[in-house]
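Student: Got a minute to go through this one with me? I'd like to start with the cysteines.
Tutor: Sure, let's pull it up.

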Amino acid sequence: MTLQGVTAAQGFLASATTAGIKPSGKPDMALVVNEGPSFAAAAVFTRNRVVASPVKHSRLAVADGQLKAVVYNSGNANACNGRQGDADAQAMAEATAQGIGAETQDVAVCSTGLIGEVLPMQNVHTGIAALGQA
């Protein structure tokens, strides 16, 4: 799929793909890239005591008030997976940053879906590669 301009705001590109995370075969990954010149960002996060790995990563990423991209997946929340979940969220950000020429700390990660199941990282990496080439 080709990166396309997001119609509501100038300076953003987006792409989506089917990475095979959802058993249904429906699209399950997306990427939104901020082309600048400003990379200002703000976010609101859960107040729940249980915090998923993508939330932990994204809180740190947006702490300096800027982001260059957000990578999304659906079908797996990457929640309640401990250190493995943290490593997987970090790996998603690293792969995305490498694909768009950004720093890892400038990429937020958002995941939604099943809780307590480890992300299928081979599918995630395939998806991120497809999103970056789009």
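Tutor: Bear in mind that this is a predicted model. Cys 110 counts as partly exposed, because its relative accessibility is 32%.

Student: And Cys 80, buried or exposed?
Tutor: Exposed, because Cys 80 has a relative accessible area of 53%.

Student: How many disulfides does the structure hold?
Tutor: Zero.

Student: Why no bond between Cys 80 and Cys 110?
Tutor: Distance. The closest cysteine sulfur to that of Cys 80 is the one in Cys 110, and it is 17 Å away, so the two are too far apart for a bond. A disulfide needs the sulfur atoms within 2.5 Å.

Student: OK, new topic. Which residues in the largest nonpolar core touch the most other members?
Tutor: Met 29, Val 71, Met 92, Val 124 and Ile 128, out of 20 residues in that core.

Student: Which elements give two or more residues to it?
Tutor: Three strands and two helices: S3 (29-34), S4 (69-76) and S5 (107-114), plus H2 (82-100) and H3 (121-133). H2 gives the most, with five residues.

Student: What is Ile 128 in contact with, leaving aside neighbours within four places in sequence?
Tutor: Met 29, Val 71, Met 92, Ala 95 and Thr 96.

Student: Which residues are in the other core?
Tutor: That core lies apart from the largest one and has five residues, among them Val 62, Leu 67, Val 70 and Ala 108.

Student: Switching to pockets. What space lies in the largest pocket?
Tutor: About 200 Å³. Its lining has 16 residues, and Phe 45, Val 55, Ser 58, Val 109 and Cys 110 lie nearest the centre.

Student: So Cys 110 turns up again. Which elements supply at least two residues each of that lining?
Tutor: Helix H1 (53-62) and S5.

Student: How does the lining of the largest pocket divide by class?
Tutor: 13 nonpolar, three polar and no charged residues.

Student: And what volume has the second largest pocket?
Tutor: About 160 Å³. There, 13 residues form the lining, with Phe 12, Val 32, Leu 67, Ala 69 and Val 70 closest to the centre. S3 and S4 are the elements that give two or more residues to this lining.

Student: Leu 67 and Val 70 came up before, right?
Tutor: Yes, Leu 67 and Val 70 are among the five residues of that other core.

Student: Last one. Which classes make up the lining of the second largest pocket?
Tutor: Eleven nonpolar, one polar and one charged.

How values were computed:
Residues are numbered from 1 along each chain as its sequence is written. This is a predicted model: local features need pLDDT of at least 70, side-chain atom pairs count only at pLDDT 80 or more; totals for chains, interfaces and linings use all residues. Side-chain values use heavy atoms; hydrogens and water are left out. A nonpolar core is a set of buried Ala, Val, Leu, Ile, Met, Phe, Trp, Tyr and Cys residues joined through side-chain atoms within 4.5 Å. Buried means under 20% relative accessible area, exposed over 50%, partly exposed in between (1.4 Å probe, protein chains only). Helices (H or I, at least four residues) and strands (E, at least two) are DSSP runs, numbered from the N terminus. Contact means heavy atoms within 4.5 Å. On a 1 Å grid over the protein atoms alone, a cavity is a set of points where a 1.4 Å probe fits but cannot get out, and a pocket is an open set with protein on both sides within 12 Å along at least five of seven lines; lining residues have an atom within 4 Å of a point. Grid points are joined across faces, edges and corners, and a volume is the space filled by probe spheres set on the points. Ala, Val, Leu, Ile, Met, Phe, Trp, Tyr, Cys and Pro count as nonpolar, Asp, Glu, Lys and Arg as charged, and the others, Gly among them, as polar.
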